[in-house]
Amino acid sequence: MDWLLEFLPRNLDRLSVWIGVLCTLAIYSLLYRENPVYRFFEHMYIGLAAGYSLGPLGVDILYRYWIEPIWIQGYWAWAFVVPYGMYLYFIFSERYGWISRIVIGTLIGASAGLFFQEFSSRYLPQLNSTLQKPLWVSDANPDMTYGMMINNILFVVILLSVLTYFTFSYEQRGPVKRVAIWGRWFLMIGLGAIFGNTVMARMALLIGRIYYLLNDWLMIRVGGG
Amino acid sequence: MSYQHAQDNWFAAIVIGFIALAVLVNIIRARMGAQLYIRRIPGLDAIDEAIGRSTELGRPVTMIPGMTAFGVVAVQALTIFKYITKQIARFATPMRLLSGDPTVFAVAQEAIYDAYNEAGRPDLYDADNIRFLSDRQFAFASGVAGLIQRERVAASFMFGEFFAESLIFAETGNMVGAIQIAGTVSFTQVPFFVAACDYTIIGEEFYATSAYLSREPVLLGSLVGQDIAKLLFALTTLGGVVAATIAGTDAPIIKLLGQPGGWDAFWSSVLKGGGQ
Amino acid sequence: MHMLTNLMAQQTIWQLPEGSRVLLATLIVLGAFVLILGLVPVLQTLPPRGRRAIIVTVTFLAGLFFAAEFFLPVDWTAIFPKDDPKRNFLTPAIQPAQNVLQIIGALALGLGTFGLVRLHLRNAVQRRAQWGYSIVLLVSFVVMATLSILNTLAEKEIVERGPVLKRAFSILFDYTLVQLDAAMFSLIAFYIFSAAYRAFRIRSIEASILMFTAMLVMIGVVPLGAFISYTLLGLPEGASPEGANFLTQLEHSIGLPKIADWVLTQLNAPAQRAIEFGVGIGGLAMAIRLWLSLERGVT
Amino acid sequence: MQARTQTLWQRILGIDRRWLYLILFVNIVTFLVAPIRMPASVSPPVQKFHDEIEKLQPGDLVMISSNWSASTLAENQPQLEAVITHLMRKQARFTIISIEAQSRDISYRLAERVTKEKGYQYGEQWAHFGFVPNLTVAIKGMVTDLPGTIKQDVRGTEVSKLPVVQGVKSLSDYKMIIDVTPSGTVPIWISYSPKNVSILYCPTSVMAAEAYTYLDSGQIKGMITGAKGAQEYEQLLTVVGLGTRFMNAISFSHVLIIVFILLGNFAMFMNRLQQRREG
């Protein structure tokens, strides 16, 4: 009886747990099949998410980067940015639709231009760290062990064979084809490893939810003691 | 470990310059009529099969760029979707494009409109079929999962950058028996697509897709340039590890080849030598 | 150049005077709207070729700005003070340029939201199939948008954060939206199981490799792997002692956790790196083609 | 093609995925509740974490930054519980701070429960500072003027009137910062907190890989990785807590998946064999 009284949504704290549980179960019902309850929560979810974004991603950005600089700090040149960006809204017009492409062109140009830096800072350090893998134990690299040597040789072999698989402009045949096939097999090892490694993180998510159902909602004490 | 400017290591400028040159020269070659080859990419041949099945069943095709933020990857994904749309326009197969990024959504409107126009069926274009669901990762995923199940889509194309939600799309698609073709640059999501989709386009194959589908000279030429670039990377790797084996990992040459700040010692020695 | 930045710092030409700032700013904004939107009919008179030329030019210039900022040398110590050497003359403009992109992004969000609302309004008004759910979406959108915007304004101390706003926002955000996120995220655990069951079959060499590595890592990363290797099989735990012979070293490195770790770091890493290189090169080639408008992509 | 009754193997191969989902669910519930313990081998970062807290004297002040919420509960909650248990054992005083309302509520509720069990007094021995919207600004503020930055605790008491932080002017009066988080907050703590305060880190398993450089350089003094790390920690404390339970459930869900993969392959093999025999 005490348990039941505690269990029921008798105050706001309890009610919030019940809401959370309801949301969880509604989403889980999709596992059985798509159904009206799921559909209700799905539409509510998207509505809430769309509404929420307008605060931090819409109003906040416009206020911080547009309204504040112009009206409070007085940097008048920013005035032109929003009307220019508004060209994007011509997308819905058949006649003026092309005007939105000016803004889209700006965005495409910018992302292309930014890619040079991204390319350099993302891939070149990786290339450089590949170079720091000596293939033989020698005086030049006194700290190296035979274990590291084997690993380094493997590293370079795998890297080059996978890279060979990802070439397109000629017909892969003979030894190249064999290397490429090996490359694909090495790739599968990598993919399998990632799969196996991700399972743990995903199971942890589910366990978190089940713990919430057991502990917070049904008030079954798990763990401790 | 990051580059703010090319000056952090001029090797960056050299590599980018070389790749740009290789790509541009081969694009010019292709435009002047050189016959260029592209190897088979198995998953892409299945696109027509998937479209055919959708048409047969009269159920829609979904195209999902996922949460891909607007940028180079998104433009490539939309280029692929544009090609697919041109194909389905011929059979008037229904389509849905579901995006989780508002800018990608906006550009997709234009791209799909163009696709129907170029296929000669502007009447089939319906702005309501290109949808922005949410920029919140799992709200978007719930919307996609719901739609795939409700409309029992017959074919699902997922191209772009994906995160944890990839498996939600792929498994719900699998549940309704859709033919699924996925292509992504996100290495960590590839295993889930491989497990749940019929065909998976991996890594750079994603960028080769439009060349493969359209056989446009510009794209084929670019692909040749990309292969030359990979050869450069392979040779640098080989040369570098040999140098490291002989001269040690601290050798100046290793620093010059892409280590951030690796040219500082070089410059200061040059400047000192010049100044004195 | 340094003088120019100084000049900008003193805000003589870019900044409005303090006194009548609000009125002036409002007028300038209105003027900007009239000017920019007034350009539309003018642009409309252009022939298709002219339109394309504008788009190509804008694309090129936008790309040129970021590219030039990246490539131009930065150590112009003669021009810039020594304490801040890592910039060229374009660097100070990077942050404003990023802000412009942010603003356009916010406007795009408005566009996306408009598209979503329009679709569901149409569903509701035309009583299309399942229109009731569209009402659900619209109602939750309107309520949450109001609360979220008020909440944002409250953070800026423009409106007051009353107890009702606080409570209502907390119920809808913390106890509903976040819970839905967690629930949807955890669905993946079920899907990863069914996908593994279906896909991991010894059908081909590739599928078999995928399956065996996945299983190996799965066991290796949980305590069960350590339990099997060290408690059941009695393999030695920890690093091998210094100067041990090959067999001892081998013995110390074939425990399941060690093998799983080795597969992840030594076999997975180079494969991943090769893919990354390909993706980087492919992306770079694409960026160049887009920048120079060499392909009839999406614009 | 005539319809034939399915063989057992075919039925296993074509099993409705909903059964799989149910089995996984039941499996996890069972092993969450079941009192099975599996010994873990304690990894060096966890051992270092433990040793660092062992060095604390009674009454030393510790700041816990708790930024997780519902999604990463299974990884972060065991960590926080184990850490608080250990701090209470060492009679250290601690204060908790979050960066959003969600994680404030969840960590406050948890700390209240755990402290009540051991008779730790709110306000005297521990307190919760609520949440700060911008961590960087908050840390910088706390370094110069802690009571002025936080102003009120979660119960609305002025910080300057809380006995637990009586006389504390700045973050540098603390001995230690423990960051329990699923996101990239630890670089901010490393960058802005006073140099005399040591930092300990409790990330999720996904985030841990990036932290090893900080561990090498000594910028963080120890690390508990996800539920697995929490289990190892509980073993050091000789308690059976959530980490052990969760890790059990994770381990056996892995076993379940592997068993089913093997079963699927066996069924496929048997099915082929049968078909071949039938010609």
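This is a short talk on how the chains of one predicted model touch, and on a few of its helices and salt bridges.

Okay, some ground rules. Residues are numbered from 1 along each chain as its sequence is written, chains are lettered from A and ligands numbered from 1 in the order in which they are written, and side-chain values use heavy atoms, with hydrogens and water left out. Since the model is predicted, local features need pLDDT of at least 70 and side-chain atom pairs count only at pLDDT 80 or more, while totals for chains, interfaces and linings use all residues.

Let's start with chains C and A. How many residues does each chain bring to the contact? Chain C brings 126 residues and chain A brings 120, where contact means heavy atoms within 4.5 Å. The area buried between them is about 11800 Å², and carbon and sulfur atoms give 79% of that. By buried area I mean the accessible area, with a 1.4 Å probe, that two parts lose on being put together, summed over both.

What holds charges together there? Between chain C and chain A the count is three salt bridges, a salt bridge being a side-chain nitrogen of Lys or Arg within 4 Å of a carboxyl oxygen of Asp or Glu. A:R184 and C:E206 meet in a salt bridge, at 2.7 Å from N to O. There are also 27 residue pairs in polar contact between these chains, both residues at pLDDT 80 or more. A polar contact is a pair of N or O atoms within 3.5 Å; within protein, one must be able to donate a hydrogen and the other to accept it, and residues adjacent in sequence count only if both atoms are side-chain atoms.

Several helices of chain C supply at least two residues each to the side touching chain A, among them α2 (21-44), α7 (205-220) and α10 (256-291). For the names, helices (H or I, at least four residues) and strands (E, at least two) are DSSP runs, numbered from the N terminus. α10(C) gives the most to that side, with 24 residues. By class, the side of chain C that touches chain A has 90 nonpolar, 27 polar and nine charged residues. In that scheme Ala, Val, Leu, Ile, Met, Phe, Trp, Tyr, Cys and Pro are nonpolar, Asp, Glu, Lys and Arg are charged, and the others, Gly among them, are polar.

Now look at α7(C) itself. Its 16 residues should span 22 Å at 1.5 Å a residue, and its end C-alpha atoms are 22 Å apart, which agrees; the expected span is 1.5 Å times one less than the number of residues. Is this helix mostly covered or mostly open? Mostly covered: 12 of the 16 residues are buried, and buried means under 20% relative accessible area, exposed over 50%, partly exposed in between (1.4 Å probe, protein chains only). The buried residues include C:I209, C:L210 and C:M211. They pack against helices from every lettered chain I mention today: α7 (174-217) of chain A, α7 (190-196) of chain B, α8 (223-232) and α10 of chain C, together with α12 of chain D.

Next, chain D against chain A. Here 30 residues of chain D meet 22 residues of chain A, and about 2300 Å² is buried, 76% of it from carbon and sulfur atoms. D:R18, D:F25 and D:L32 lose the most area in chain D, together 19% of what that side buries. The rule finds zero salt bridges across this interface, but three residue pairs in polar contact. α12(D) gives the most to chain D's side, with nine residues.

Over to chain B. Helix α3 (residues 72-91) has 20 residues and reaches 30 Å from first C-alpha to last, close to the expected 28 Å. Of those 20 residues 16 are buried, so α3(B) is largely enclosed by the rest of the structure. Just after the helix, B:A92 takes a positive phi of about 55°.

That helix also holds B:K82, which forms a salt bridge with B:E118, closest N and O atoms 3.6 Å apart. The two sit 36 residues apart, with B:E118 in helix α4 (residues 102-118) of chain B. B:K82 is buried at 6% relative accessibility, whereas B:E118 is partly exposed at 42%.

To finish, the whole structure has 35 salt bridges over all chains. One of them joins B:R40 and B:D45 at 2.5 Å, and B:R40 counts as exposed at 52%. There's also a network of salt bridges linking A:E34, A:R39, A:E42 and B:R150.
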